[in-house]
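Trainee: Could you take me through one part of this structure slowly? I would like to look closely at the sheet and how its strands pair.

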Amino acid sequence: MNQISCKVFITKCCDPYKNLAAEEMLMRYIQPGTVILYLWQNENTIVIGRNQNAWRECKLEAFRAQQGKLARRLSGGGAVYHDMGNQNFTFMAYNELYDVAKQIEVICQATRKFGIQAIRNGRNDITAEGKKFSGNAFYSTKKVSYHHGTILLSSDMVKLNEFLTPSKAKMKAKGIKSVQTSVINLCELAPMITPRKMRNALLTSFAEVYSVELEYLKDNIFDLHEWERLAEHYSSHKWTLGKLSDFDQHIKTKLSFGEIELQLSVSNGIIQNVVMYSDAINANWVKAVKTKMIGSAFKFDEINMRLSVLEMDRENTEELLCYLKSAELVLE
């Protein structure tokens, strides 16, 4: 097997739109045989998953009144609050080298350098002393995948708790009273920790886990005009908030893999449009469900036939279909 090349891109930019654009640009830049670690921070930002409804996930107007920025990422998952006490990371590789377990081990090993025992909890959380300090989300194309997330170091928990508004169904399912009770800043466990020290620990762990020397990238690898264009896209009203459309049927529930909210426009018995909000981890699955449902007769048998052929996340699909079959809907 050829030697893996490990590259690092660190930005001092704190603008969420430029940083998300840089992440997408790195996907275009990466070459086979390479793993990239991208380290970045956003200032006073709420980032929602690709398929989430911003109005339901945060107190948007109140947050904006405090100069907060709303951003939407490409990956699925839930809403998170970013400030300068939070370190963001992205691991990126061609699919044959993409290894989530190995990538999370970099985070855990870096955290252990401060005397903190970090544990992977499920697919997308990393915890210390039973509380989450890192939430992870995932995005894939046919060739390249990335896994990105947060590391709470000294984030403003008052703002996090004030402006993020998880649904009552989600809190009930997780058995928590508020966002604040489920997360922890690592500075509570290791007062000496800072973003700079964590970045250094991450770099050391990245080199150790992959057993290679690191190569550092600069932003001159990007087409600056394209970077600016992408940043404008990520900051646009259309991307961040989406189009709020009229709908005839409203379906909302909490399933084992996340919340689902379906808005269906039905005309002459045919589903004309589907708006789907979800914090399901796989954003591509949500997109596939919407695509399959558009054009279907508003009948369970046909919806079942269309969705049953989906290859990805079959358990999610089966659970959704089971709910649709039992729900009190006019599926004639």
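Mentor: Happy to; we will follow the sheet from its overall order to its strand pairs, and then to the helix that packs on it. This is a predicted model, in which local features need pLDDT of at least 70 and side-chain atom pairs count only at pLDDT 80 or more, while totals for chains, interfaces and linings use all residues. Residues are numbered from 1 along each chain as its sequence is written, and side-chain values use heavy atoms, leaving out hydrogens and water.

Strands here are DSSP runs (E, at least two residues), as helices are (H or I, at least four), numbered from the N terminus. Two strands pair if DSSP finds at least two bridges between them. Strands of a sheet pair through backbone hydrogen bonds, either parallel or antiparallel.

Now to the sheet itself. Eight strands form an open sheet with mixed pairing, in the order S7-S8-S9-S10-S6-S2-S1-S11. Strand S7 (118-121) and strand S11 (214-217) stand at the edges with a single partner strand each, so one side of each has no neighbour in the sheet. From one strand to the next, the twist averages 25°; such angles run from 0 to 180 degrees between N-to-C directions, with axes fitted to C-alpha atoms, for helices over the stretch in contact.

Let us walk along part of that order. Strand S8 (residues 125-128) pairs with S9 in the antiparallel sense over four bridges, and Ile-126 stands opposite Ser-134 in S9. The hairpin of S8 and S9 has two residues between the strands, and Glu-129 takes a positive phi near 55° there.

Strand S9 (residues 131-140) is mostly covered, with seven of its ten residues buried. Buried means under 20% relative accessible area, exposed means over 50%, and partly exposed lies in between (1.4 Å probe, protein chains only).

On we go to S10. S9 and S10 also form a hairpin, with three residues between them, and they pair in the antiparallel sense over five bridges. In this pair, Asn-136 stands opposite Gly-149 in S10.

Next comes S6. Nine bridges join strand S6 (residues 86-94) to strand S10 (residues 144-152), and the two run antiparallel. Here Phe-91 stands opposite His-147 in S10. Helix H7 (residues 195-210) packs on the sheet, touching strand S1 (5-10), strand S2 (34-40), S6, S10 and S11. Contact means heavy atoms within 4.5 Å. The direction of H7 makes about 170° with that of S2.
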